Amino acid sequence: WSVGVADPSRSGRRQRTESQLTRIHVASGAQKSFIVSGSATSAALFRGGLWVAFEDGKVVSYNTTTGTSTGALGPLVQPRSLNRIMLTSPGPEQMWLSTGDTLQAMTGDSGIDLHRARLAGLSGRIVAIAASCIAWNRAVDEDSTNGDAAEPRATKTKTRDRHEDCHVVVTVDVAGTIC
């Protein structure tokens with residue numbers, strides 16, 4: 001999904017109060033677009049919907065098939081403030097949003113649960129956030145039976161590596177500090 005200014009050839013003139021939300025299917029190149037009211041700044045997929053942040057401080061959820069609004073939050077920031085809302089999603093069950101001076105995670109199966117994140121290490125206003133995935137191997141201790149029939153309760157511990165994907169959110173502040 002991408003967020004941009006509405007195509008001027010569709011409306012006959014460029015309107016700053018409209019945004020174009022476009023889904024591009026990577027394998028086929030097929031595109032599907034929706035025109036929505038407002039000046040969009042950021043978008044992320046969360047719980048099967050497309051959540052879009054706008055300059056007026058609102059966050060609106062859209063049905064990805066029909067383009068109709070399914071709910072809204074906010075305003076979370078004041079219009080025309082230095083802080084704009086940025087959204088990112090490291091996975092389908094979690095969305096992170098920044099209002100410039102805060103970082104929050106949205107989770108939960110029903111309703112909206114916002115959890116404020118600690119901003120340790122940041123020296124100022126957040127100017128960018130991005131989702132990432134770090135592949136790593138973690139040592140795991142496993143207990144197994146000794147195999148000796150005379151001592152069925154005896155166990156031994158062996159260690160092996162287990163591959164895991166660590167989903168992270170990366171932030172950058174005005175001083176260039178990356179967390």
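Over how many bridges do strand E5 and strand E6 pair? Keep that in mind as you open the viewer. What you see is a predicted model.

**Stop 1: a pair of strands**

Select residues 49-54, which are strand E5, and then residues 59-63, which are strand E6. These two run in the antiparallel sense and pair over five bridges. To look at one of the bridges, click on Gly49: its bridge partner in E6 is Asn63.

**Stop 2: the sheet around that pair**

Now widen your selection to four strands, which form an open sheet in the order E4-E5-E6-E7 with antiparallel pairing. At its edges you will find strand E4 (40-46) and strand E7 (69-73), each of which pairs on one side only. On average, neighbouring strands in this sheet are turned by 20 degrees against each other, if you ignore direction.

**Stop 3: a sheet of three strands**

Next, go to E1, E2 and E3, which form an open sheet in that order, again with antiparallel pairing. Select residues 2-5 for strand E1 and 31-37 for strand E3; these are the edge strands, and each pairs on one side only. From one strand to the next, the twist averages 30 degrees. Add residues 18-24 to show strand E2, which pairs with E1 in the antiparallel sense over four bridges. Can you find Val5? Look across to E2, where Ser19 stands opposite Val5.

**Stop 4: the largest nonpolar core**

Time to show some side chains. Select Ala44, Phe46, Trp51, Ala53, Val59, Leu73, Val77, Ile85, Leu87, Met95, Leu97 and Met106: these twelve residues make up the largest nonpolar core. E4, E5 and strand E9 (94-98) each supply at least two residues of this core.

Which residues is Met95 in contact with, leaving aside its neighbours within four places in sequence? Centre the view on Met95 and look for Ala44, Phe46, Trp51, Leu87, Thr88, Ser89, Gln104, Ala105 and Met106.

Apart from the largest core lies another one, of nine residues. To find your way there, select some of its members, including Trp96, Leu103, Ala117 and Ile126.

**Stop 5: Arg160**

For the last stop, select residues 155-173, which are strand E13, and pick out Arg160 within that strand. Is Arg160 buried, partly exposed or exposed? Arg160 counts as partly exposed because its relative accessibility is 40%, and the partly exposed range lies between under 20% for buried and over 50% for exposed. Finally, add Ala139 to the view: Arg160 and Ala139 are 21 residues apart in sequence, and their C-alpha atoms are 5.6 Å apart in space.

Key. Residues numbered from 1 in each chain as written. Predicted model: local features only at pLDDT ≥ 70, side-chain atom pairs only at ≥ 80, totals over all residues. Heavy atoms only, no water. Buried < 20%, exposed > 50% of the residue type's maximum accessible area, 1.4 Å probe, protein only. Pairing = 2+ DSSP bridges. Axes fitted to C-alpha atoms, helices over the stretch in contact; angles between N-to-C directions. Core = buried A, V, L, I, M, F, W, Y, C linked by side-chain atoms within 4.5 Å. Contact = heavy atoms within 4.5 Å.
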